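Work through the exercises below with the model open. Try each task before reading its solution.

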Amino acid sequence: WSYAGGSVYADDFYVSPVAVTPPPPSPFSVTPTVSGGQFNLSFPTTSGTIYEVLYTGNVANSTWQTNTTVIGDGSVRTVPDTLSAGARFYRVRAHNP
């Protein structure tokens, strides 16, 4: 390598690593619907954002189970679930990879 008539050697410079933190996911709304004996949650996604659809049978219980995980692609995604005999509470958690 050369520049302005001089030489540059690998030990002449150092590039420090830079940690890049992605911005937090954008806020979004979840739309619940029931159709044909099926419960659906629909929500807009952002490309690359990870969405976890969680549920519990008792909102006072701190144990939430994963229904499914969706990778955002910029479209509105719909997650179906069968109507069960008991009540279910849902939440959708978004985070960047």
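A polar contact is a pair of N or O atoms within 3.5 Å; within protein, one must be able to donate a hydrogen and the other to accept it. Keep that cut-off at hand. The model is predicted.

**Exercise 1. Confidence**

Task: Find the mean pLDDT of the protein, and name the elements with the lowest and the highest mean.

Solution.
- Step 1. Average over the protein: the pLDDT is 85. A score of at least 70 is reached by 84% of the residues.
- Step 2. Go element by element. Strand S1 (residues 2-3) has the lowest mean, 46. Strand S6 (residues 65-71) has the highest, 96.

**Exercise 2. Overall make-up**

Task: How many helices and strands are there in the protein? What share of its residues counts as buried?

Solution.
- Step 1. Count the elements: zero helices, eight strands. Along the sequence this reads β-β-β-β-β-β-β-β.
- Step 2. Take the burial. Of 97 residues, 20% count as buried.
- Step 3. Take the surface. The accessible area is about 6,900 Å². Carbon and sulfur atoms hold 55% of that area.
- Step 4. Check the contact range. Consider contacts between residues at least 6 apart in sequence: 58% of them join residues at least 24 apart.

**Exercise 3. The three-stranded sheet**

Task: In what order do the strands of the open sheet run, and which strands stand at the edges?

Solution.
- Step 1. Write the order: S3-S4-S7, with antiparallel pairing.
- Step 2. Find the edges. Strand S3 (31-35) and strand S7 (76-82) each have a single partner strand, so one side of each has no neighbour in the sheet.
- Step 3. Get the twist. Neighbouring strands of this sheet are turned by 25° against each other on average, direction ignored.
- Step 4. Look at one pairing. Strand S4 (residues 38-44) and S7 pair over seven bridges, in the antiparallel sense. One partner pair is Asn40 with Pro80 of S7.

**Exercise 4. Two residues of strand S5**

Task: Are Tyr51 and Glu52 buried or exposed? Which polar contacts do their side chains make?

Solution.
- Step 1. Place them. Tyr51 is in strand S5. Glu52 is in strand S5 too, which spans residues 50-56.
- Step 2. Apply the burial cut-off, under 20% relative accessible area. Tyr51 has 2%, so Tyr51 is buried. Glu52 has 17%, so Glu52 is buried.
- Step 3. Find the polar partners. The side chain of Tyr51 reaches the backbone nitrogen of Thr46 at 2.8 Å. The side chain of Glu52 contacts the side chain of His95 at 3.3 Å.
- Step 4. List neighbours, leaving out residues up to four places away in sequence. Tyr51 touches, among others, Phe28, Phe43, Val70 and Ala94. Glu52 touches Thr68, Thr69, Arg91, Val92, Arg93 and His95.
- Step 5. Compare sequence and space. Tyr51 and Thr68 are 17 residues apart in sequence, yet their C-alpha atoms are 8.5 Å apart.

**Exercise 5. Tyr90**

Task: Which side chain makes a polar contact with that of Tyr90? How is Tyr90 classed by accessible area?

Solution.
- Step 1. Locate Tyr90 in strand S8 (residues 89-95).
- Step 2. Read the relative accessible area, 23%. Tyr90 is therefore partly exposed.
- Step 3. Find the polar partner: the side chain of Asp81, at 2.5 Å.
- Step 4. Add further neighbours. Tyr90 also touches residues including Phe39, Leu41, Leu54 and Trp64.
- Step 5. Span the chain. Val59 is 31 residues from Tyr90 along the chain, with 9.0 Å between the C-alpha atoms.

Notes: Residues numbered from 1 in each chain as written. Predicted model: local features only at pLDDT ≥ 70, side-chain atom pairs only at ≥ 80, totals over all residues. Heavy atoms only, no water. pLDDT = per-residue confidence, 0-100. Helix = DSSP H or I, 4+ residues; strand = E, 2+ residues; numbered from the N terminus. Pairing = 2+ DSSP bridges. Axes fitted to C-alpha atoms, helices over the stretch in contact; angles between N-to-C directions. Buried < 20%, exposed > 50% of the residue type's maximum accessible area, 1.4 Å probe, protein only. Contact = heavy atoms within 4.5 Å. Areas by Shrake-Rupley, 256 points an atom, 1.4 Å probe, with all protein chains shown as cover.
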